[in-house]
Amino acid sequence: MAKLNAAAAAKIEEICARYKDEKTPLMMILSDIQNEYGYIPLEVQEIVSKNTGISVAEIYGVVTFYSFFSLTPKGKYVIGCCLGTACYVKGAQQVIDKFSELIGIKPGETSEDGLFTLDALRCIGACGIAPAVSINGKVYPKVEVNQVSEIIESYRKEASA
């Protein structure tokens with residue numbers, strides 16, 4: 001969605017129209033836009049504001065507060081490394097450091113090829129299988145540093161297939 005075209009703008013307006021009768025439509029609108037495009041840049045927030053009467057400042061506040069919304073495009077595979085207490089104690093920092101080293105990005109960044117985004121998560125509720133890593137919703141339990149390379153390679157193979 002590098003530069004918003006007319007079709008994308010119309011789609012965003014259609015998403016806003018879906019929720020015109022809702023008392024508090026913002027989360028539903030933003031969720032649909034995030035699912036449709038993968039991120040919610042300022043230009044899109046301005047269209048939502050125009051269609052809902054909600055200020056851009058309020059929309060921006062919501063987009064930046066909730067970690068599942070993004071201002072920038074995410075990679076094809078979003079790697080979420082849990083750094084909650086249980087995961088951290090079981091070595092999650094070393095796991096995320098290994099992902100970072102092998103992919104060549106820091107948490108919060110996306111690889112240049114657009115394949116991976118690395119996110120540090122606070123808690124994913126999988127304390128019993130710590131340290132846990134999720135990739136596009138698939139949860140990997142008890143991840144050890146020596147497994148990271150194999151995990152990355154499996155997604156690289158999938159992407160090239």
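Is Tyr-66 buried, exposed or partly exposed? In this predicted model, in which local features require pLDDT of at least 70, side-chain atom pairs count only at pLDDT 80 or more, while totals for chains, interfaces and linings use all residues. Residues are numbered from 1 along each chain as its sequence is written, and side-chain values use heavy atoms, without hydrogens and water.

Tyr-66 has a relative accessible area of 32% and is therefore partly exposed, a class lying between buried (under 20%) and exposed (over 50%), with a 1.4 Å probe and protein chains only. The residue is located in the loop between helix H4 (56-65) and strand E1 (77-82); helices (H or I, at least four residues) and strands (E, at least two) are DSSP runs numbered from the N terminus.

Met-28, in helix H2 (residues 26-37), is likewise partly exposed, at 29% relative accessibility. Beyond its neighbours within four places in sequence, Met-28 is in contact (heavy atoms within 4.5 Å) with Tyr-19 and Glu-22. A distance of 27 Å separates the C-alpha atoms of Met-28 and Pro-107, which are 79 residues apart along the chain.

The largest nonpolar core (buried Ala, Val, Leu, Ile, Met, Phe, Trp, Tyr and Cys residues joined through side-chain atoms within 4.5 Å) comprises 26 residues, of which Ile-79, Phe-99, Phe-116, Val-133 and Ile-135 touch the most other members. Two or more residues each come from E1, helix H6 (92-103), strand E2 (116-121), strand E3 (133-135) and helix H7 (148-160). The greatest contribution to this core, 5 residues, is that of H6. Apart from this core lies another, of 20 residues, including Leu-30, Ile-33, Ile-47 and Val-62.
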